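Trainee: I'm new to this structure. Could you walk me through it with a few questions and answers?
Mentor: Gladly, let's have a look together.

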Amino acid sequence: MNKLYPNAQAALEGLLFDGMTLCAGGFGLCGIPERLIDAIQASGVKDLTIASNNAGIDNEGLGKLLRSRQVKKMISSYVGENKEFERQYLAGELEVEFCPQGTLAERCRAGGAGIPGFYTKTGVGTQVAEGKEVKTFDGEDYILERGIRADVSIIKGWKADESGNLIFRKTARNFNQPMATASHMCVAEVEEVVPVGSLDPDTIHLPGIYVKRMIVGSPYDKKIEFRTVRPREAA
């Protein structure tokens, strides 16, 4: 089975439809599937529900889909530096389900593991717990969180072999790994593809069984989410 496609448009062909749910990897602008996001924007698909740590920044990453009004709902833990995300939410134009960061990662991991729900102490006694089942274990309250299953997962990897065995690079591993497993159709964007057998099995973060389609997205222009510089000292 050839998993490698010539471009993002080809890799997403037949997968996109209005009202679908996407799990998108990345953390800020680190480890985001840029080429796949661009292809989703170009497709014109709308009313999307997207589970992602955040929505990038204004007009970068998932921010592009917010700007083009293709997103109906975000399941996120952080608005970040995205002013359009904030504006749409406060104006009532975008439905947002805020979720604690660790809980969001676990909801996607649970969905990928076939676990429909789990109990956690995170959020007990706060707005996060509103409308959710509360159960007591050993004298402590826990709230029920549902696992997340998407129609399609889009992720960004560093290096993969031709079978889809994949390695993430540093911070990019944070959300890409659980997002990859949270659907039956994971499309991976990677920087390099090597022959099968080239990767040390002990270094593989995501087994190829999870990756159904794959593209090479290189080269990339590294974007900085929030630039902080130290004032130059006087000579």
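Trainee: Is arginine 109 buried, partly exposed or exposed?
Mentor: Keep in mind that this is a predicted model. Buried means under 20% relative accessible area and exposed means over 50%, with partly exposed in between. Arginine 109 has 37% relative accessibility, so the class is partly exposed.

Trainee: Which residue does the side chain of arginine 109 meet in a salt bridge?
Mentor: The partner sits three residues away in helix H5, so about one helical turn separates the two. This partner is partly exposed, because its relative accessibility is 25%. With 2.9 Å from N to O, the side chain that meets arginine 109 is that of glutamate 106.

Trainee: Which residues are joined into one network by salt bridges that share partners?
Mentor: By the salt-bridge rule, the count for the structure comes to 15. Among these bridges, some share partners, and they join one network made of Asp58, Arg67, Arg69, Glu84, Arg87 and Glu93.

Trainee: Which residue in strand S3 forms a salt bridge with glutamate 97?
Mentor: Glutamate 97 lies in strand S4 (residues 95-98), and the pair links distant parts of the chain, 24 residues apart. The closest N and O atoms are 3.1 Å apart. The partner in strand S3 (residues 71-76) is lysine 73.

Trainee: Are glutamate 97 and lysine 73 buried, partly exposed or exposed?
Mentor: The cut-off for buried is under 20% relative accessible area. Lysine 73 has 18% relative accessibility, so lysine 73 counts as buried. Glutamate 97 has a relative accessible area of 24%, so glutamate 97 is partly exposed.

Trainee: Which residue of helix H5 forms a salt bridge with glutamate 97?
Mentor: This pair also links distant parts of the chain, strand S4 and helix H5 (residues 101-112), with the two positions ten residues apart in numbering. The helix partner counts as buried, because its relative accessibility is 7%. With the closest N and O atoms 2.8 Å apart, the partner is arginine 107.

Trainee: Which residues make the nonpolar surface patch?
Mentor: One member, leucine 90, lies in helix H4 (residues 83-90). Leucine 90 counts as exposed because its relative accessibility is 64%. The patch covers about 310 Å² and is made by Tyr89, Leu90 and Phe98.

Trainee: Which element gives the most residues to the lining of the largest pocket?
Mentor: The largest pocket has a volume of about 470 Å³. Of the 24 residues that line this pocket, the closest to its centre are Leu29, Gly31, Lys156, Glu191 and Lys222. Two elements give two or more residues, helix H2 (34-43) and strand S8 (152-161). With four residues, the one that gives the most is H2.

Trainee: How many residues of the largest pocket's lining are charged?
Mentor: Sorted by class, the lining includes eight nonpolar and four polar residues. The number of charged residues is twelve.

Trainee: And how many charged residues line the largest cavity?
Mentor: The structure holds one cavity of 30 Å³ or more, and about 60 Å³ of space lies in the largest cavity. Its lining has 13 residues, with Gly28, Ile32, Ser52, Gly56 and Leu62 nearest the centre. By class, six are nonpolar and seven are polar, while the number of charged residues is none.

Note on methods. Residues are numbered from 1 along each chain as its sequence is written. This is a predicted model: local features need pLDDT of at least 70, side-chain atom pairs count only at pLDDT 80 or more; totals for chains, interfaces and linings use all residues. Side-chain values use heavy atoms; hydrogens and water are left out. On a 1 Å grid over the protein atoms alone, a cavity is a set of points where a 1.4 Å probe fits but cannot get out, and a pocket is an open set with protein on both sides within 12 Å along at least five of seven lines; lining residues have an atom within 4 Å of a point. Grid points are joined across faces, edges and corners, and a volume is the space filled by probe spheres set on the points. Ala, Val, Leu, Ile, Met, Phe, Trp, Tyr, Cys and Pro count as nonpolar, Asp, Glu, Lys and Arg as charged, and the others, Gly among them, as polar. Patches are made of residues with over 30% relative accessible area and no salt bridge: like charges are joined within 9 Å, nonpolar side chains (Val, Leu, Ile, Met, Phe, Trp, Tyr) within 5 Å. Accessible areas come from the Shrake-Rupley method with a 1.4 Å probe; for residues, only the protein chains shown count as cover. A salt bridge is a side-chain nitrogen of Lys or Arg within 4 Å of a carboxyl oxygen of Asp or Glu. Buried means under 20% relative accessible area, exposed over 50%, partly exposed in between (1.4 Å probe, protein chains only).
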